[in-house]
Each structure stands twice: as C-alpha cells, then as structure tokens.
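Welcome, and thanks for taking a look at this one with us. Have the viewer open as you read, and we will go from a single side chain out to the whole fold.

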Amino acid sequence: MSIIAQYGDIFIILACAFGFFMAWGVGANDVANAMGTSVGSKAITIKQAILIAVIFEFLGAWLAGGEVTQTIRKGIIDPALLQDDPQLLVYGMLASLLAAATWLLIASMRGWPVSTTHSIVGAIVGFAMAGLGLEAVGWTKVGQIAASWVVSPLMSGSIAFMLFKSVQHLIFEDRDPFAAAKRYVPMYVFLVGFIVAMVTLTKGLKHVGLHLGFGESLLYAVLIGLGVMLLGGFLERRVSRNRSEEDTFGFGGVERVFGVLMLFTACAMAFAHGSNDVANAVGPLAAVISVVYSNGSVGGEALVPWWVLVLGGGGIVVGLVTYGHKVIATVGTGITELTPSRGFAATLAAATTVVLASGTGLPISTTHTLVGAVLGVGLARGMAALNLRVIGTIVMSWLITLPAGAGLAIMFFFMFKGMFG
C-alpha cells in the first residue's frame, strides 16, 4: 500500500490547515498593500478599509482566483522528476505552505511589508533543492522573479512620480485648484475604472469561463471606465468648497475630491489583489489534493475545488481583521506622509504596473510594486519627504524573504519526510 493511499486523509487535512494559515498570512501582510495608501491618506478609516477589503478581497479570490492552478508553481520545479516519488511533492508542498506562512507571521508581527509571492517561491525552491537536487530547480524562472525585485518598484515608482506631477501641474498650480479638481478628476476616475477592469479582464476571469481576447477586454474596460466616471462625477458633485481655519491654501476641498477617488482605488486594488494572490495559498494546496485524489499521479495541472477558494478567501479575511493594521501603518504612514491626492497616484500606479506585468507574464509582487509607487510619490516632493530608515528596513526584509522561505521549507520538508517516510 503506497504512502499516499495510507495517509491521504491526513495529507489533505494538513494541507487545508497550512493553506488557511498561508491565506491568513496573505491577509495580514499583503492586503495592507491594497489598503495602506487609502488609510494613510485618511481618505478612509481603518474600519472602512477592513470592510472594503473583506468584501472585495473575498470576491476577487472567489470569482477570479480559481484559475486551474499549475501544480508546480510558476514552472519552478520539473514535474517529471516527481513521477517515481509522488509523496515527495506532497511533503514539499506541505513544507512550502508552512514555511511561507511562518515567515509571513514573523514579518507581520514586525510590521514589515514582504512579498507573499516571493515567500512561497523561496519555499518551493528550498524544497526542490533539498528533496530533488539543484538541477531540479528552473533557475531561469527564479532569475526572472529576482529581476522583478528591481523592475516592479522602478516601474510603479516612475508611473506614480509622473501621475503626481500631472496632478500638481493640472490642479494644485491652477489659480482655482478646487475648480480644476472638479474639471480633471473625472478623467482620473476613468483611468482608475479602465485600468482595474483591464487587470481583472486580462488576469482574472478565465476561471469563471470567460476567455476574452485583448481587443474585447479593451472595449469592455473602456465601457467600465466610462461607467465608473459617471458614478464618480455624481459623488464628486456632493463635495463642497467650504474651507476650514487651518486650510491656508484652499487645498482641503481638492483633497476631499480626491478622497472620493480613493474609495474607487481601494475597492479596485482589493479585488485585483484577492484574485491575484489567493493563488499563493491555494496553488500548493490544490497540488496536494490532486496527488491524493489521483492516488499518486503527478499531473501538470490541478483543478481547484470551489471550497478551496472559499477557504483561501476566508483565510485572507481573517488575517486582515486580526493582524492587518500593523503593515497598513508601515505602508500608509511610515514611508512618506500621504494625502488623498498622493495616495491616489500611488495606488493607481501600482494597479497599472500589475496590468502591464501580467500582460508580459512577468511574475511580480504587489508589495514591491506598491512600496515603489509610494516612494515615487514621496520623491516627487523631494528626498526630504521620505523616511529613509523605514525604507532601509523594508528593503532588508525583502532581501531576507527568499532565503528565509527556502531555509524554513528545507527544515519542514525533512520533518515531514521523517514523520511519514
């Protein structure tokens, strides 16, 4: 009797528990990227952020997160090497989930915004090296992922810098900033609707059975952008010009107009994030379920049962509610001081980068993208606006993520091998 047949139920129970723990880590650490700018710019309160994230992260994970998950995440391991010993894949995926989740727990406790994608990638590389040898790892794929550390923050930072400069030029330097905001903000609202629709249509909806070509996606995204623009225009009309005592330059009304925009970007980022990053928890879990159900056959793909996505979405929500506030504080207030107009530029730049990257197939981290965008907005106001100590800590935590995930995975891999092997 094979090990998989003997311990199949135990493997599935362990995989579900570790998958939930990993999804908890995604919620506690990564959702802060989606919400940090909105809370830091005081456009929404932390309670509203949690409410928006709970709804839209769950919807994103459940509606658009169920892509037929590649059993071997992102081509990091060669599946042919596991045909003779399918139980090694089970130990490896269990070890990877537990290792990545443990690292996310440590990072979230310290308030470090690290990448959940890189945590799980590092863990899978560690297991592959320990269980199968160095030649089993697809090093070109790992190289691409490492390159995205530099590419994604640079790209989102540049876009955020240009967006914020355009806001400064078109609105804040106008004779009547409030009137200029009313004039130009609908254009930015259209951009938000368009870009988020593009993220979702190009990256998300294949699993619901909607396979759209690029042209179709573009057309639908334009229509959705126009719809969002009309809604934004309606909400914006209700913002009044009244000035408070401490508002010397009359920018308060302008920032309130951008506060309306931030509501849209917060919902959008949460949905895009839920659909994109639930795979980090669900991918390895689906791999274990598929090996056990097929009694040891290591296929290329694992179909994700619907309840697995609900488990992933639920874990993300629990993580956010219990521990998300720490990383939200780092991203929202630690790096640079954010107002709604700055927060908007950062969030939109991050969402744009996610679209462009998914179009080119570059595996990027939402964390690196968003932190890069916040840095870009800070730089648009000069170096003095940045908190270099916080930035140093964040970069250090990024560098540690891959080796930390790999080291923990190797340890857990041998532990499981010893327990069941």
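A good place to begin is Met 35, which touches Ile 44, Ala 49, Ile 52, Ala 53, Ala 266, Ala 270 and Ile 328, leaving aside residues up to four places away in sequence. Please keep in mind that this is a predicted model.

Met 35 also belongs to a bigger picture. The largest nonpolar core has 130 residues, and Met 35 is listed with Met 22, Ile 171, Phe 344 and Phe 416 as those with the most contacts inside it. Helix α8 (residues 252-293) gives the most to this core, with 21 residues.

Stepping back to the protein as a whole, the secondary structure comes to 13 helices and two strands. Of the 421 residues, 58% are buried. Among contacts with a separation of 6 or more, 84% are between residues 24 or more positions apart. The accessible surface comes to about 16,700 Å², and carbon and sulfur atoms hold 68% of that.

Two helices are worth a check of their length, at 1.5 Å a residue:

| Helix | Residues | Expected span | End C-alpha distance |
|---|---|---|---|
| α3 | 25 residues (86-110) | 36 Å | 37 Å |
| α7 | 23 residues (214-236) | 33 Å | 32 Å |

For α3 the two values agree, and they agree for α7 as well.

How is α3 placed in the structure? Of its 25 residues, 21 are buried, so α3 is largely enclosed by the rest of the structure. Just after α3, Gly 111 takes a positive phi of about 75°.

Ahead of α3 comes a loop that starts from β1 (69-70), and Ile 77 is found there. Ile 77 is buried, with a relative accessible area of 5%. Its C-alpha lies 7.8 Å from that of Val 125, although Ile 77 and Val 125 are 48 residues apart in sequence.

Now for α7. Which of its residues are buried? They are Ser 217, Ala 221, Gly 225, Val 228, Gly 232, Gly 233 and Glu 236. An α-helix has 3.6 residues a turn, so residues three or four places apart point the same way. With that in mind, compare the buried list with the residues of a nonpolar surface patch of about 520 Å², made by Leu 219, Tyr 220, Val 222, Leu 223, Ile 224 and Leu 226. Leu 223, one of the patch residues, lies in α7.

Methods
Residues numbered from 1 in each chain as written. Predicted model: local features only at pLDDT ≥ 70, side-chain atom pairs only at ≥ 80, totals over all residues. Heavy atoms only, no water. Patch = residues over 30% accessible without salt bridge, like charges linked within 9 Å, V, L, I, M, F, W, Y side chains within 5 Å. Areas by Shrake-Rupley, 256 points an atom, 1.4 Å probe, with all protein chains shown as cover. Salt bridge = Lys/Arg side-chain N within 4 Å of Asp/Glu carboxyl O. Helix = DSSP H or I, 4+ residues; strand = E, 2+ residues; numbered from the N terminus. Expected span 1.5 Å × (residues − 1). Buried < 20%, exposed > 50% of the residue type's maximum accessible area, 1.4 Å probe, protein only. Core = buried A, V, L, I, M, F, W, Y, C linked by side-chain atoms within 4.5 Å. Contact = heavy atoms within 4.5 Å.
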